[in-house]
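Subject: Structure handover

Hello,

Here is the structure for you to load. My notes on what turned up follow below it.

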Amino acid sequence: VLLPGARADALKFVRAFDVFVMPSLSEGLPLALLEAMSGEVPVIASDIPAMAPIIKGAGGTAVRVGDVGGLTKALVEHFELPGTALRERGLCAFGYLQAHHSVGQYRSQYLALVEGCPR
């Protein structure tokens, strides 16, 4: 396990992952999930309201909260895939991220929110 702390080059570590797993009990905005997708990594995550539509759109695998057997099965299935299939899943996740969660979209939505606030 490597815990390097905050790094400007963190994406190079993410790109080294075979798969990103986020078995959360709850989430607000799952930034770590989006960051993994930016590294073109296939994703497995809990089927909770904040992540379910992202996982579905990204072609990832959703697992019920607390379902250790389901998470284990998802991991085994991913690690049995050939490298090309993992790469395709990672590219699918990245494509979804670009289309639905880009920095430009985030900025536009945030600006609209701020401009709509009463002063």
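How much space lies in the largest pocket? About 470 Å³. Please keep in mind that this is a predicted model.

The pocket

The lining of the largest pocket comprises 15 residues. Closest to its centre are Leu34, Leu97, His101, Ser102 and Val103. Three helices each give at least two residues to the lining. They are H2 (31-38), H5 (83-100) and H6 (103-115).

Overall layout

The protein chain has 119 residues. Its secondary structure consists of six helices and three strands. From start to end, the order is α-β-α-β-α-β-α-α-α. Along the principal axes, the C-alpha atoms fill a box of roughly 55 × 30 × 30 Å.

Contacts and surface

Of the residues in the protein chain, 28% count as buried. Now take the contacts between residues at least 6 apart in sequence. Of these, 48% join residues at least 24 apart. The exposed area of the protein chain is about 7800 Å². Carbon and sulfur atoms supply 60% of that area.

Charges

The protein chain carries 10 positive and 11 negative charges. How far apart are their mean positions? The separation is 5 Å.

Around H2

Start with the loop that runs from strand E1 (20-22) to H2. Ser24 lies there. Is Ser24 buried or exposed? Ser24 is buried, because its relative accessible area is 11%, and the cut-off for buried is under 20%. Which residues does Ser24 touch, leaving aside its neighbours within four places in sequence? The contacts are with Ser46, Ile48, Met51 and Val65.

Leu31 is in helix H2 itself. Leu31 has a relative accessible area of 49%, so it counts as partly exposed; the exposed class needs over 50%. Leu31 and Ile54 are 23 residues apart along the chain. Their C-alpha atoms are separated by 11 Å.

After H2 comes a loop that leads to strand E2 (43-46), and Glu40 is found in it. Check the backbone at Glu40: phi is positive, at about 60 degrees. Glu40 is not a glycine.

Two further residue pairs

Gly95 sits in helix H5. With 33% relative accessibility, Gly95 counts as partly exposed. What separates the C-alpha atoms of Gly95 and Pro42? The distance is 11 Å, with their places 53 residues apart along the chain.

Val68 belongs to helix H4 (residues 68-80). Val68 counts as exposed because its relative accessibility is 60%, and the exposed class is over 50%. Val68 and Gly104 are 36 residues apart along the chain. Their C-alpha atoms are separated by 37 Å.

Where to look

For the pocket, begin at Leu34, Leu97, His101, Ser102 and Val103. For the backbone, go to Glu40 and its positive phi. For a buried loop residue, go to Ser24.

Best regards

Key
Residues are numbered from 1 along each chain as its sequence is written. This is a predicted model: local features need pLDDT of at least 70, side-chain atom pairs count only at pLDDT 80 or more; totals for chains, interfaces and linings use all residues. Side-chain values use heavy atoms; hydrogens and water are left out. Helices (H or I, at least four residues) and strands (E, at least two) are DSSP runs, numbered from the N terminus. Buried means under 20% relative accessible area, exposed over 50%, partly exposed in between (1.4 Å probe, protein chains only). Contact means heavy atoms within 4.5 Å. Accessible areas come from the Shrake-Rupley method with a 1.4 Å probe; for residues, only the protein chains shown count as cover. Lys and Arg count as positive and Asp and Glu as negative; His and the chain ends are not counted. The place of a charge is taken as NZ of Lys, CZ of Arg, CG of Asp or CD of Glu. On a 1 Å grid over the protein atoms alone, a cavity is a set of points where a 1.4 Å probe fits but cannot get out, and a pocket is an open set with protein on both sides within 12 Å along at least five of seven lines; lining residues have an atom within 4 Å of a point. Grid points are joined across faces, edges and corners, and a volume is the space filled by probe spheres set on the points.
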